[in-house]
Amino acid sequence: MEDIKVFGLWSSPFSQRVVWTLKLKGVSYEYYDEDLANKSNLLLQYNPIYKKVPVLVHNGKPISESMVIVQYIDETWPQIPLLPQDAYERAKARFWSKFIEEKSMQMMEFFIYDGERQERAIKETLDILRVIENESGLSEKMFICGNTIGLADIALGWVAHTLPVMEEIVGVKFITIDAFPHLHSWVKNFLEIPVIKNNLPPHEKLVEYFRERRKVFLAMASHHHHH
Amino acid sequence: MATNDLKLLGGWFSPFACRVQIALSIKGLDYENIVENLNPKSDLLLQSNPTYKKIPVLIHGEKTICESAIIVQYIDEVWKNNGTSSILPSNAYDKAIARFWVSYIDDKFFNSLRFGLFAQDDESKKKYFEELEEVLLKLEEVFNELSEGKEFFGGENIGFIDVAFGCYLSWLRVKEKFTGTKKFDEAKNPGLVKWAEAFSAHPAVKGILPETDKLVEYAIALAQRLAAAAAADAAPPK
């Protein structure tokens, strides 16, 4: 009898990666949604280094960092594999997964700032998206590094449904069909996968959540301006 | 002529390139070692790693593999029957733990070391080196837990964390020369002190880590370049 616990945050792009992976593989688990202002003792015990979600605990053994967790799940439950069999194809998939993972926080910075800093952040997001659009093989395949959902798609998944929420609130639009035709298709294909479609946080709730976050960020930004 | 058709585009000064060299050495593989100057970046580098334009790059026949940790995993998987044991642990949980700590080392350890070494003012230096000390305390704990009394993070054999962390030893020796403080505090990091000796003496590692004096020279030149760039940035526009 497997004991699998996930500590996450319903609105977090990083938590979602873990949930999607478990759902894709049909693995059952207990989910604990964390209030980050008031972290549970279990979370602090299982992730003392970063004190962050998501954390996966499998038969009492904790693992943190979303993409480390995703690879672990993929290796432990091999059905619906997220990595190809071939070592070179695997290396490419890991490369893009790492690139996306590294750049994700930076891609969200436009949501934290306003004014000139925001303009620079918007440009940086566009630059990163351009690299993915042109270099990750999306022109040849339906997904990044393959024709089925893989590791790098899971890493990028937040762009398909959380990024549009942030865009809506700030008033920008990144992935238009003219500017990013491959990514535009990728978003559609990603959201059409039944497991993904059925495991998205509710749109309105997400908009409400990020609207509040935007207010907090703007307050912090103006605080800096006035000092 | 390398029988496996392997080329490494790297640099003697790069801890990341050293990781790949050690992995190839563990597996007993021949390869052509191409030293990349970086000033300017070669066409080969720009073509084989267009995304990051960084070393190391492993060129295996027609295939190019980038990012040191990914290259090491590639080597471990393709040549899984070479060498006495695999570089990554065999079970999924231990793999996850190894990947977690390598990620931590490349983030927390690497950044506090390099920002400390190249910080422009004393206060920043102090702050980064204090962070470094805390990171090393944590890594001492990790070493004690994972080594289970044996010589390496990987146990009896050098593993993923050993290769990843070990390649920073030369840069820690540079810090020793720059600051006058030992790379590992004998009182606080006795495990790491012994580990560093064992790692440096390992047959797969010998001859790969750069000599400290040569690296110190390189670091001084790099520090000067960075200081000049920082001064240029701070100067008022003409």
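**Two chains, strand by strand and helix by helix**

Let me begin with one pair of residues in chain A, where Lys5(A) stands opposite Glu30(A), a residue of strand 2 of that chain. If you follow the chain onward from strand 1 of chain A, it passes through helix 1, residues 13–24, before it reaches strand 2 of chain A, and this β-α-β crossover is right-handed. Please keep in mind throughout that what we are looking at is a predicted model.

Strand 1 and strand 2 of chain A, the latter covering residues 30–33, pair in the parallel sense, and four bridges hold that pairing. Strand 1 of chain A also has strand 3, residues 55–58, as a partner, again through four bridges, but here the two run antiparallel. In that second pairing, Val6(A) has Leu56(A) as its bridge partner.

Now, which way do the residues of strand 1 of chain A point? In a regular strand the side chains alternate between the two faces of the sheet. Here, Ile4(A), Val6(A) and Gly8(A) point one way, while Lys5(A) and Phe7(A) point the other way. As for burial, strand 1 of chain A, residues 4–8, is mostly covered, with five of its five residues buried.

Further along chain A we come to helix 5, residues 115–135, where a small calculation is worth doing together. With 21 residues and 1.5 Å a residue, this helix should span 30 Å, and because its end C-alpha atoms are indeed 30 Å apart, the expectation and the model agree. The buried residues of helix 5 of chain A include Gln118(A), Ala121(A), Thr125(A), Ile128(A) and Ile132(A). It helps to remember that an α-helix has 3.6 residues a turn, so residues three or four places apart point the same way. Just after helix 5 of chain A comes Gly137(A), which takes a positive phi of about 90 degrees.

Let us turn to chain B, which has an open sheet of four strands in the order 2-1-3-4, with mixed pairing. Strand 2, residues 32–35, and strand 4 of chain B stand at the edges, and because each has a single partner strand, one side of each is left without a neighbour in the sheet. On average, neighbouring strands of this sheet are turned by 20 degrees against each other, direction ignored. Strand 3 and strand 4 of chain B run antiparallel and are joined by four bridges, and within this pairing Val57(B) stands opposite Cys66(B).

Across strand 3 and strand 4 of chain B lies helix 3 of chain B, which runs at about 130 degrees to strand 4 of chain B. This helix, residues 68–78, is mostly covered, since nine of its 11 residues are buried. Its buried residues pack against several elements, among them helix 1, helix 4 and helix 6 of chain B, and also helix 4 of chain A, residues 87–107.

I will finish with the cysteines: how many disulfides are there over all chains? The count comes to zero, and two cysteines can illustrate this. Cys145(A) is in no disulfide, as the nearest cysteine sulfur, in Cys66(B), is 12 Å away. Cys145(A) is buried, because its relative accessible area of 19% falls under the 20% cut-off. Cys167(B) is also buried, with a relative accessible area of 2%. Why does Cys167(B) form no bond with Cys18(B)? The sulfur of Cys18(B), the closest cysteine sulfur, is 5.0 Å away, which is too far, because a disulfide needs the two sulfur atoms within 2.5 Å.

Notes: Residues are numbered from 1 along each chain as its sequence is written. Chains are lettered from A and ligands numbered from 1 in the order in which they are written. This is a predicted model: local features need pLDDT of at least 70, side-chain atom pairs count only at pLDDT 80 or more; totals for chains, interfaces and linings use all residues. Side-chain values use heavy atoms; hydrogens and water are left out. Buried means under 20% relative accessible area, exposed over 50%, partly exposed in between (1.4 Å probe, protein chains only). Two strands pair if DSSP finds at least two bridges between them. A crossover is right-handed if, with the strands pointing away from the viewer, the path from the first strand over the helix to the second runs clockwise. The expected span of a helix is 1.5 Å times one less than its number of residues. Contact means heavy atoms within 4.5 Å. Axes are lines fitted to C-alpha atoms, for helices over the stretch in contact, and angles run from 0 to 180 degrees between N-to-C directions.
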